Amino acid sequence: MKKRFWKIEYSITVFVVFAIVLLLIPTSVISSKEAAYITKWNETYNKIDYMFTAMTAQADSDIVKSLNKAKTNEQREHLMIELAKPYLRIYEDNKLSKKYHPHYLNGNKVGKKDPFYFERLYTGQNGMIIGIKDIKDEDIFHPGFIMMFDMNGLKGPNMWGKDIYAINIFVDGKITPIGTGWELEDMKLDCSDKGTGVSCSYYYRIGGEFNE
């Protein structure tokens, strides 16, 4: 009888342990994926930073003049993409706008009127999706463009703070990750399931931890 009870207790213990393992596996997989996205973002940012440093030093004066004279957002965005093409190997893909539906970290869809909605999308290396948006400002202390990068392209989750990150581009060629200048507590809140996730671009650059 004791032997039988021992077998039952043993079976229950094994079952409980197995159930716990099953519960932990998805979290582990998600965590490793998000860690990979962050690593890729940091690598991408370093390349972009180098690219803009080189681009600023070697930019054709005629292109720079054209950029300053451009009258519409679309013209300025096109010129900026032309400058970046040799470095990012990108091309415009009009079909992307119909297939690509990004969301914020809190689950809300990015609307067409939102400041982080990108009308024109481009495909880069390894299927990365790149968006650029002109926010023309003559003040050197404010960005002239925003450029976003979806680390794994059309593959999910297509969410800010998960696989989507972005930079500010200033008129003098300097760049900063979105979130630069924010208070730390504001970044922590935004880089959670209660926020948009846009400031994660900077938060993860300074060693912030991602939320599982």
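Helix α3 (residues 73-88) lies across β2, β3, β4 (145-150) and β5 (164-169), and runs at about 140° to β3. This description rests on a predicted model.

**The sheet**

The strands β2 to β5 belong to an open sheet of six strands, ordered β1-β2-β3-β4-β5-β6 with antiparallel pairing. The edges are occupied by β1 (91-92) and β6 (175-177); each has a single partner strand, so one side of each lacks a neighbour in the sheet. Two bridges join β1 to β2 in the antiparallel sense, and Glu92 is found opposite Tyr122 of β2.

**Lys133 and Tyr104**

Lys133 is located in strand β3 (residues 129-134). A polar atom of the Lys133 side chain lies 3.0 Å from the backbone oxygen of Pro115. Once residues up to four places away in sequence are set aside, Lys133 touches Glu77, Asp114, Pro115, Phe116, Tyr117, Phe118, Gly144, Phe145 and Ile146.

Tyr104 belongs to the loop between α4 (96-99) and β2 (121-123). Is Tyr104 buried or exposed? Its relative accessibility is 8%, and because the limit for a buried residue is under 20%, Tyr104 counts as buried. Beyond its neighbours within four places in sequence, Tyr104 is in contact with Lys109, Val110, Asp114, Phe116, Met159, Trp160, Thr196 and Val198. Asp114 and Phe116 thus appear among the contacts of Tyr104 and also among those of Lys133. Tyr104 and Gly161 are separated by 57 residues in sequence, with their C-alpha atoms 7.7 Å apart in space.

**Aromatic pairs**

Six aromatic pairs are present in the structure. One of them is formed by Trp41 and Phe149, with a tilted arrangement: the ring centres are 6.3 Å apart and the planes make an angle of 40°. This pair links distant parts of the chain, since Trp41 is in helix α1 (residues 2-58) and Phe149 is in strand β4, 108 residues apart. Trp41 and Phe149 are both buried. Ring pairs also join Trp41, Tyr45, Phe149, Tyr165, Tyr203 and Tyr204 into a cluster.

**Distances**

The table lists the distances described above.

| Partners | Kind of distance | Value |
|---|---|---|
| Lys133 and Pro115 | side-chain polar atom to backbone oxygen | 3.0 Å |
| Trp41 and Phe149 | ring centre to centre | 6.3 Å |
| Tyr104 and Gly161 | C-alpha to C-alpha | 7.7 Å |

How values were computed
Residues are numbered from 1 along each chain as its sequence is written. This is a predicted model: local features need pLDDT of at least 70, side-chain atom pairs count only at pLDDT 80 or more; totals for chains, interfaces and linings use all residues. Side-chain values use heavy atoms; hydrogens and water are left out. Helices (H or I, at least four residues) and strands (E, at least two) are DSSP runs, numbered from the N terminus. Buried means under 20% relative accessible area, exposed over 50%, partly exposed in between (1.4 Å probe, protein chains only). Contact means heavy atoms within 4.5 Å. A polar contact is a pair of N or O atoms within 3.5 Å; within protein, one must be able to donate a hydrogen and the other to accept it, and residues adjacent in sequence count only if both atoms are side-chain atoms. Two strands pair if DSSP finds at least two bridges between them. Axes are lines fitted to C-alpha atoms, for helices over the stretch in contact, and angles run from 0 to 180 degrees between N-to-C directions. Rings of Phe, Tyr and Trp (its six-membered ring) pair if their centres lie within 6.5 Å; planes under 30 degrees apart count as stacked, over 60 as edge-to-face and the rest as tilted.
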